[in-house]
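Biologist: I'm new to this one, and I'd like to start small. Could you pick a single strand, take a close look at it, and then walk me outwards from there to whatever sits around it?

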Amino acid sequence: MKMSDLIADFIGEMLSEGGGVAELQRKSLAAQFDCVPSQINYVIETRFTPESGYLVESQRGGGGFIRIVRVMDDKQRTLLELARGVGGRLTQNEAARLTRALISAELLTPREGQLLLSACSDGALAEVDKANRDRLRAAVFRCAVMGVTQV
């Protein structure tokens, strides 16, 4: 296992034990792993990013620290990644298949899934011409799934 992986796993454990918050001192963590402090910076900057669901604060100086806060859980992160992965077009069948998979994986409740299916149905989008319906459906699906992550 690479040093970066070991450090990231250690910080991940600190986050779990701390209820989603970890405070650390770069210098002492570097000493613990027998590496340079910039290695700690690298791990934090690449593994604990806002896109990955983390907020990082730092205070420099003698008593300085780095605080990492998990702002998204795994469910939210998975839904966000899925929403970002939805292409520019989505058929009603594709939306239904994805929605059923999300319900089966317990990433959406059955009620959320039913609302999503209704919003993405051809009936709901009947006012939009067929040439643009799949594009609008993809946008609605993406926004709805991203909205679930905000709850």
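Modeller: Sure, let's begin with β1, where the side chains alternate: A22 and L24 point to one face and are buried, while V21 and E23 point to the other face and are not. That fits a general pattern, since in a regular strand the side chains take turns between the two faces of the sheet. Keep in mind as we go that this is a predicted model. The mean pLDDT of the protein is 89, with 97% of its residues at 70 or more.

Now look at what β1 is paired with. Its partner is strand β3 (residues 65-70), and the two run antiparallel, joined over four bridges. You can find the pairing residue by residue: V21 stands opposite V69 in β3, and A22 stands opposite I68 in β3. In general, strands of a sheet pair through backbone hydrogen bonds, in either a parallel or an antiparallel way.

Step back and you see an open sheet of three strands, ordered β1-β3-β2, with antiparallel pairing. β1 (21-24) and β2 (54-59) are the edge strands; each has a single partner, so one side of each has no neighbour in the sheet. Ignoring direction, neighbouring strands of this sheet are turned by 15° against each other on average.

What lies across those strands? Helix α1 (residues 3-17) does: it crosses β1, β2 and β3, and runs at about 125° to β1. One residue to find in helix α1 is M3. M3 counts as partly exposed, because its relative accessibility is 30%. Setting aside neighbours within four places in sequence, M3 is in contact with F33 and Q39. For a sense of scale, try drawing a line from M3 to L125: they are 122 residues apart in sequence and 51 Å apart in space, C-alpha to C-alpha.

F33 takes us to our next stop, helix α2 (residues 26-33), where L29, A30 and F33 are buried. Seen down the axis of α2, the buried residues fall within an arc of 100°, so they line one face of the helix. Turn to the other side of α2 and you meet K27, A31 and Q32, which are exposed. As for what the buried residues of α2 pack against, that would be α1, β1 and α3 (37-47). That brings us back to the strand we began with, since β1 is one of those packing partners.

Just after α2 comes D34, which sits in the loop between α2 and α3. D34 is worth a pause: its phi is positive, about 55°, although it is not a glycine. Most residues other than glycine have a negative phi. D34 also counts as exposed, because its relative accessible area is 70%.

Carry on past α3 and you reach T49, in the loop between α3 and β2. Is T49 buried or exposed? It counts as buried, because its relative accessibility is 14%, and the cut-off for that word is under 20%. Leaving out neighbours within four places in sequence, T49 touches I44 and Y54. With β2 spanning 54-59, we are at the other edge of the sheet.

A few things lie further along the chain. In the protein, confidence is lowest in helix α4 (residues 74-85), at a mean of 80, and highest in helix α6 (residues 110-119), at 96. In the loop between α5 (92-104) and α6 is E106, another residue that is not a glycine yet has a positive phi, about 60°. E106 is exposed too, with a relative accessible area of 68%.

Last, the cysteines. How many disulfides does a search of the whole structure find? Zero. C120 is in none, and its nearest cysteine sulfur, that of C143, is 10 Å away. Seen from C143, the sulfur of C120 is the closest, and at 10 Å it is too far for a bond. The surroundings contrast as well: C120 is buried, at 1% relative accessible area, whereas C143 is exposed, at 56%.

Methods
Residues are numbered from 1 along each chain as its sequence is written. Side-chain values use heavy atoms; hydrogens and water are left out. Two strands pair if DSSP finds at least two bridges between them. Axes are lines fitted to C-alpha atoms, for helices over the stretch in contact, and angles run from 0 to 180 degrees between N-to-C directions. Contact means heavy atoms within 4.5 Å. A disulfide is a pair of cysteine sulfur atoms within 2.5 Å. Buried means under 20% relative accessible area, exposed over 50%, partly exposed in between (1.4 Å probe, protein chains only). pLDDT is the predictor's confidence in each residue, from 0 to 100. The arc is that of the directions from the helix axis to the C-beta atoms.
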